[in-house]
Amino acid sequence: MPKHRYLPLTEQDRSEMLRTIGIDSVEALFADIPESIRFRGELPVSSRLDEYSLTRHMAGLADRNADSDRYASFLGAGIYDHYIPSVIQHVVSRSEFYTAYTPYQPEISQGELQAIFEFQSFICELTGLKVANASMYDGATALAEAGSLAAAATKRKQLIVARTVHPEAREVLAAYARGLGLDIVEIGWHDGVIDHQALASAVSADTAAVLIQHPNFFGSLEDIQAIGELVHGHGGLLVVSSNPLSLGLLEAPGKLGADIVVGDAQPLGIAPSFGGPTCGFFAVSEANMRRIPGRIVGQTTDRNGKRGFVLTLQAREQHIRREKAASNICSNQALLALAASVYLSVMGKQGMADVAELNLQKSHYAKSCLTSIPGVDLVFQAATFNEFVIRLPEEVDPRLLQRNLLEKGFIGGYDLGPSYPELPNHVLIAVTEKRSKADIDQFAKVMEEWICGA
């Protein structure tokens, strides 16, 4: 009998496998690795534990995490602490969804395909565009793919991106651009939004697209319509990365002139999970439908006239010649797209508007509380949604402030200094519908006590 219940490998199993591949020992598997670089010591890990001890050990490690169940979080910057209706977990935990693989056989995958189709329909409704794909890996990947699509559609090599776009998304875009031979031009900001004068000087007949974020990384709202008119006047495309929850309150970017709208669906019922996984969305105008990355689920009828769903327009290298492929993205986040669909279905139009309004109002209340602290200033005057930037006094170290807040039960904001060296002592604060007035008041009180005592 095997020694370990979950590792049922016997010596007989081992011998048969070695004999099958034609070697005498496990050591022979590593014969090509020089002896001088092999690790011969013992790995610095704990000794083996029984199941109960291991469970306690892992629980102890988990307790060291500062999660939003025990801490009031004011940290956003791309991952947000929103309320997740309990029905979402019930639906995504159903085995027919969480065990489903790629639905290549539509005759046995109708439920999965319909769920994805509903996700696409919701995204079209939110973004104001005609076509959405089955989802992307995350928002950053979606933005980079949008840049690639724009370059292919316009046959141009220049992408102009605002520095008010998430720093990590810009890094992913730059990585894509290197591989595709595209030129990236970054435009700075003025009062928290893209510098329109600098943008006007940079856009030319060589520009494939301008890529912006709305609300942007500083929480400010960009003028989509004006930027769209500018880039369209030079024959380029406008790409907008958007927080989908904000679209419960703000006008759909597609109706303001955006050609491609992307973003991360994490605010729509997907847990922060310490940074992921999340789910990207990607919507385009009808003119660019056949260049969309990934895949699309389409609605059709079978030979009996019944409604059915199939995978269609799969312009990816898994299905067609690489040189003709729109992208090498070969899959999608089906389970998380389902979570987002359930969220949107449960909330409805009014619920989305109500939650967005709560985010707006509570963040504005927090803004007034925090800027009343001596030495704390509001940095930008541009309109914001649920995030904003404050400047701390010069003598205050944001890292020490965050540590103090954590000790008091709060997850503080995002220190902008490492991402924007020109913004030392600047902190990005996020406020969601989960933050109560008491949370905000106490957060401001703890910050004031620490800042005034620093």
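# Exercises on a predicted model

Helix α6 (residues 139–154) packs against helix α7 (residues 167–180) at an angle of about 40°, their axes being 8 Å apart. The model is a predicted one, and the exercises below begin with this pair of helices before turning to strands and loops.

## Exercise 1. The contact of α6 with α7

Determine the handedness of the crossing of α6 and α7, list the residues that meet in α6 and α7, and divide the residues of the contact into nonpolar, polar and charged.

Solution. Begin with the geometry: the crossing of α6 and α7 is right-handed. Next, collect the residues on each side, where α6 contributes A140, T141, L143, A144, E145 and S148, while α7 contributes A169, V172, L173, Y176 and L180. Finally, sort these residues by class, which gives 8 nonpolar, 2 polar and 1 charged for the contact of α6 with α7.

## Exercise 2. The packing of α11 and α12

Find the angle and the axis distance at which α11 and α12 pack, decide how the angle is to be classed, and describe the residues that make the contact.

Solution. Two packed helices are described by the angle between their axes and the distance between the axes. For helix α11 (residues 398–407) and helix α12 (residues 437–453), the angle is about 130° and the axes are 10 Å apart. Because of that angle, α11 is oblique to α12. The crossing of α11 and α12 is right-handed. The residues in contact are L400, L401, N404 and L405 on the side of α11, and F443, V446, M447 and W450 on the side of α12. When these are sorted by class, the contact of α11 with α12 has 7 nonpolar residues, 1 polar residue and no charged residues.

## Exercise 3. A sheet and the helix that packs on it

Establish the strand order of the open sheet of 4 strands, identify which strands stand at the edges, and state which strands α10 touches.

Solution. The order of the open sheet is β13-β14-β17-β16, and the pairing is antiparallel. The edges are occupied by β13 (377–378) and β16 (414–415), each of which has a single partner strand, so one side of each is left without a neighbour in the sheet. At the β13 edge, 2 bridges join β13 to the antiparallel strand β14 (residues 387–391), and L378 has I390 of β14 as its bridge partner. Helix α10 (residues 334–370) packs on this sheet and touches β13, β14 and β17 (426–430), its direction making about 5° with that of β14.

## Exercise 4. Two covered strands and their partners

For β10 and β8, count the buried residues, assign them to the two faces of β10 and β8, and describe the pairing of β10 with β2 and β9, and of β8 with β7.

Solution. Take strand β10 (residues 280–284), in which 5 of 5 residues are buried. Its two faces are both covered, with G280, F282 and V284 on one side and F281 and A283 on the other. Strand β2 (residues 131–132) pairs with β10 in the antiparallel sense over 2 bridges, whereas strand β9 (residues 260–264) is joined to β10, again antiparallel, by 5 bridges. A283 of β10 has A132 opposite it, and V261 also stands opposite A283.

Turn now to strand β8 (residues 237–242), where 6 of 6 residues are buried. L237, V239 and S241 lie on one side, and L238, V240 and S242 on the other. The strands β7 and β8 pair in the parallel sense over 6 bridges, and I212 stands opposite V240 of β8.

## Exercise 5. Backbone features in loops

Locate the prolines P215 and P277, give omega for the cis bonds that precede P215 and P277, and decide whether S135 and K155 are buried or exposed.

Solution. Start with the cis peptide bonds: the bond joining H214 and P215 is cis, with omega about -10°, and P215 is placed in the loop between β7 (207–214) and α9 (224–232). The bond from G276 to P277 is also cis, with omega near 5°, and P277 lies in the loop between β9 and β10.

Then consider the positive phi values. S135, which is not a glycine, has a phi of about 120° and is found in the loop between β2 and α6. Its relative accessible area is 1%, under the 20% cut-off, so S135 is buried. K155, likewise not a glycine, has a phi of about 60° and is found in the loop between α6 and β3 (158–162). Its relative accessibility is 73%, over the 50% cut-off, and K155 therefore counts as exposed.

How values were computed. Residues numbered from 1 in each chain as written. Predicted model: local features only at pLDDT ≥ 70, side-chain atom pairs only at ≥ 80, totals over all residues. Heavy atoms only, no water. Axes fitted to C-alpha atoms, helices over the stretch in contact; angles between N-to-C directions. Parallel < 35°, antiparallel > 145°, perpendicular 65-115°, else oblique. Left-handed = near helix turned anticlockwise from the far one by under 90°. Contact = heavy atoms within 4.5 Å. Nonpolar A, V, L, I, M, F, W, Y, C, P; charged D, E, K, R; others polar. Pairing = 2+ DSSP bridges. Buried < 20%, exposed > 50% of the residue type's maximum accessible area, 1.4 Å probe, protein only.
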